[in-house]
Amino acid sequence: MKKVKLISVIICVAVLLSACSSQPAAKIETGNWNTNYKFVFVHGLSGWGSYDSQYKIMPYWGMFGGDLMKYLNEQGYDCYAASVSPQGSAWDRACELYAQLTGRIVDYGREHSERCKHERYGTDYRENPLIDKWDS
């Protein structure tokens, strides 16, 4: 068991060191991708997004190589990093994403929240929506 833990630690350190190596950023040819679309990145299980405190320390999108959202926005793309429940159900995560995108209070629904035994309402995003302007 000790041998397995030691190997796990060695692998983790090696991955971290390789991720920290400074590689020059690739230049993006923005002319080929000129759109009016907004790009929303949604993390997977056990992930985090821009509303989470750890995102400022270590952005999920980019990790040790820097903040991918910041880089893409600097290149002219309109990108956002959503923060949904890292261990929530697909239903909960969809409700949270919708509220963030539209600037609403998370509403999991009466029937769902009763069945799953959790509060019906969650975080209020009215003051700080992920995308503040919805137009053409």
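Me: Buried means under 20% relative accessible area and exposed over 50%, with partly exposed in between; how does Asp107 count in terms of relative accessibility?

Reply: The model is a predicted one, and in it Asp107 has a relative accessibility of 31%. Because buried requires a value under 20% and exposed a value over 50%, the residue falls in between, and Asp107 therefore counts as partly exposed.

Me: With which residue does Asp107 form a salt bridge?

Reply: Asp107 belongs to strand β3, and its partner sits in the loop between α5 and β4 (121-124), 13 residues apart from it. That partner is itself partly exposed at 30% relative accessibility. The closest N and O atoms of the pair are 2.8 Å apart, and the residue that completes the salt bridge is Arg120.

Me: How many salt bridges does the structure hold?

Reply: Side chains of opposite charge can pair when their charged atoms come close. One of the pairs here joins Arg126 to Asp124, with an N to O distance of 2.7 Å; Arg126 is exposed with a relative accessible area of 52%, whereas Asp124 counts as partly exposed at 39%. The total for the structure is five.

Me: How many residues apart do Glu114 and Arg110 lie in helix α5?

Reply: An α-helix has 3.6 residues a turn, so residues three or four places apart point the same way. Glu114 and Arg110 form a salt bridge whose closest N and O atoms are 3.6 Å apart, and Arg110 is exposed, with a relative accessible area of 51%. Their separation within helix α5 is about one turn of the helix, that is, four residues.

Me: Is Ser113 buried or exposed?

Reply: Ser113 lies in helix α5, where, setting aside residues up to four places away in sequence, it touches His118, Glu119 and Arg120. Its relative accessible area is 5%, and because the limit for burial is under 20%, Ser113 counts as buried.

Me: Which backbone oxygen lies 3.1 Å from a polar atom of the side chain of His43?

Reply: His43 is placed in the loop between β1 (38-42) and α2 (54-57), and it is buried, with a relative accessible area of 1%. Beyond its neighbours within four places in sequence, His43 is in contact with residues including Trp48, Tyr60, Trp61, Pro86 and Arg93. The backbone oxygen at 3.1 Å from a polar atom of its side chain is that of Val84.

Me: Which residues make up the largest nonpolar core?

Reply: The core has eight residues in all, and both α3 and β2 supply at least two of them. One member is Cys79, whose contacts, leaving aside neighbours within four places in sequence, are Phe39, Phe41, Met69, Leu72 and Asn73. The full membership is Trp48, Tyr55, Trp61, Met69, Leu72, Tyr77, Cys79 and Ala81.

Me: What separates the C-alpha atoms of Leu68 and Cys79?

Reply: Leu68 lies in helix α3 (residues 68-74) and counts as partly exposed at 30% relative accessibility. Not counting residues up to four places away in sequence, Leu68 touches Phe41, Trp61 and Gly62. Cys79 is eleven residues from Leu68 along the chain, and the separation of the two C-alpha atoms is 9.0 Å.

Me: Against which elements do the buried residues of α4 pack?

Reply: Helix α4 (residues 90-102) has 13 residues and reaches 18 Å from its first C-alpha to its last, close to the 18 Å expected at 1.5 Å a residue; Gly103, with a positive phi near 70 degrees, follows the helix. The buried residues of α4 are Asp92, Arg93, Cys95, Glu96, Ala99, Gln100 and Leu101. The elements against which these residues pack are β1, β2 (78-82), β3 (105-107) and α5 (110-116).

Me: What pattern does the protein chain follow when read along the sequence?

Reply: The protein chain has five helices and four strands, and of its 136 residues 26% count as buried. Among its contacts between residues at least 6 apart in sequence, 51% join residues at least 24 apart. Read along the sequence, the order of the elements is α-β-α-α-β-α-β-α-β.

How values were computed
Residues numbered from 1 in each chain as written. Predicted model: local features only at pLDDT ≥ 70, side-chain atom pairs only at ≥ 80, totals over all residues. Heavy atoms only, no water. Helix = DSSP H or I, 4+ residues; strand = E, 2+ residues; numbered from the N terminus. Buried < 20%, exposed > 50% of the residue type's maximum accessible area, 1.4 Å probe, protein only. Contact = heavy atoms within 4.5 Å. Polar contact = N/O pair within 3.5 Å; in protein donor to acceptor, adjacent residues only side chain to side chain. Expected span 1.5 Å × (residues − 1). Salt bridge = Lys/Arg side-chain N within 4 Å of Asp/Glu carboxyl O. Core = buried A, V, L, I, M, F, W, Y, C linked by side-chain atoms within 4.5 Å.
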